[in-house]
Amino acid sequence: MKADYVIVGAGSAGCVLANRLTEDPATRVLLIEAGGRDWNPLIHIPAGFFKMLNHKTLTWGFTSEPDPGTHGRAINYTRGRVIGGSSSINGLIYIRGQPEDYDHWAQLGNRGWSYQDVLPIFRRMERYEGGSDKFRGRNGLLRVTDTPRNKLPLLEKIIEAAGRIGLPFNPDLNGETQEGVGMSQVTIAGGKRQSTAVCYLDPVRGRPNLVIEQGAMAEALILEGKRCVGVRYAVNGVSRQARATREVIVCGGSINSPKLLELSGIGQGELLRARGIVPVHELPGVGENLRDHYSPRIKFAIKERNLTFNDNARGWRLAREALKYALFGTGFLASTAVPVRIYFRTREGLETPDATISILPFLYEMVGRQRRVAKRQGITMNANVLRSESTGSIHIKSADPAEPPAIRFNFLSTEHDRAGIVAVIRKGRELMATSPLKEVTGEEIAPGVKLQSDDELLDWVRNNAETTYHPVGTCKMGSDPMAVVNSELRVHGIEGLRVADASIMPTLTSGNTNAPAIMIGEKCAEMVLAQAAARKAAA
């Protein structure tokens, strides 16, 4: 099969590129995706994401390597294996991050990636009814909505308590400032998930210049010297090849993009030889610089009934919620699990927030590998250092494309991260001890009041924290010796090849990574189309 552009991965960025690059009827695009269609109803019901975190067919089923930061625990690591990628299975949160995140990228030498550069792209891609026109988009393809503030009485108590500890209500966490307490903005509309599959790919499926190959496992890039000319992939075990007359764009995400480069002989020569791969191009940064948000779950009991979602997740109340969703597309099932978010500074002298608490107005428990809403009334707080400095790696274990790579996070390996996470736990405790929350708060379930010193809290974090599934950085953008792509997302030293997904992010953004990943897809499309226009003008 031959196309002008071959896109590997129909995820948050890949679906965007498929849409934008096929706007010209003369441009042929092949989109390759290892997963299948997003037909499972759990995908489209917002609360269904809870059942998909370890889904056997909709996720890759990755597991991290034992880590000192996890006291040797291996962590189940969810990434979407379905059209829409992780935008089809995530927690539906839409958060851009802070302007300083992107300005820092530009300061690292990535021209065109400052906040003022990417703000027009964020505005162009979103359709949102709130906020200021200066910061928000009204006519984009991606539907973004606010979580209703009146969903539970508990939410108002959280907002009031946050205000009393110096964190006022922020009506737009994606606006001029991120600081404060605010309702989550979500990729939900009409009670249904707004993934990139829904918003970007479905509207253009009928374009004759777009071919989508599902169930297609990318095995290696096809290289002729130092030029990428295509992709080798397998469908139902049968090997196929796709040739790109212009470019191959890898959108596999922070786990699979470096994996594919290494399987193709691009990476650290010594490591590749040890795995049975013949090195083609030495690029030491491939698979390095892995960053993620490491998050302990702080839990408190709630004494008063009907304040949490725990009351609505069982028996006749759950049946009532199901009926409400079926008839009106509203209620618990139509909501994100994280309706309230708090952004704050952990110490004096910081110009912007460096930490966040995401609040789930319910307790959950693990039953095997599945999460289940608990019977007990309570509240869960996900605690994060926003710009984690701990870095790990992702590298292939062998030359077998079917074998998952080794994921090493190296969590809590910097003093910045250790001090930050302790400060976030203490802020969560302060919030729960403040009126009007303290009047309805019961015991501290986790970490528990017996744990008070920094060392005790860090030990608890290492034993219990999970990730928030925000991997970035493994094909980082830049011009330093460990950079994998340049500011136009071209792989250093290889012609005809770009990477466009969260793996190119040099550092973490201040929040969830789906919105930035979609922006990266949009910006990549903008650069590719500009090059195509220049080529046409010169012809």
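Buried means under 20% relative accessible area. The legends below use that word for a predicted model.

**View 1. The chain is mostly buried residues.** Of its 539 residues, 62% are buried. The chain exposes about 20200 Å². Carbon and sulfur atoms supply 51% of that area.

**View 2. The chain folds into 13 helices and 29 strands.** Its C-alpha atoms fill a box of roughly 70 × 50 × 45 Å, taken along the principal axes. A compact globule of 539 residues would have a radius of gyration near 24 Å. The chain has 23 Å, so the two agree.

**View 3. Contacts join residues far along the sequence.** Take the contacts in the chain with a separation of 6 or more. Residues 24 or more positions apart account for 69% of them.

**View 4. Charges of both signs are spread over the chain.** There are 68 positive and 57 negative charges. Their mean positions lie 6 Å apart.

**View 5. Ser479 sits in a loop between two strands.** Strand E28 (466-467) comes before the loop, and strand E29 (497-499) follows. Ser479 is exposed, because its relative accessible area is 62% and exposed means over 50%.

**View 6. Ser479 and Gln241 are set apart in sequence and in space.** In sequence, 238 residues separate Ser479 from Gln241. In space, the distance between Ser479 and Gln241 is 32 Å, C-alpha to C-alpha.

Technical notes:
Residues are numbered from 1 along each chain as its sequence is written. This is a predicted model: local features need pLDDT of at least 70, side-chain atom pairs count only at pLDDT 80 or more; totals for chains, interfaces and linings use all residues. Side-chain values use heavy atoms; hydrogens and water are left out. Helices (H or I, at least four residues) and strands (E, at least two) are DSSP runs, numbered from the N terminus. The radius of gyration is taken over C-alpha atoms; the globule rule is 2.2 Å times the number of residues to the power 0.38. Buried means under 20% relative accessible area, exposed over 50%, partly exposed in between (1.4 Å probe, protein chains only). Contact means heavy atoms within 4.5 Å. Accessible areas come from the Shrake-Rupley method with a 1.4 Å probe; for residues, only the protein chains shown count as cover. Lys and Arg count as positive and Asp and Glu as negative; His and the chain ends are not counted. The place of a charge is taken as NZ of Lys, CZ of Arg, CG of Asp or CD of Glu.
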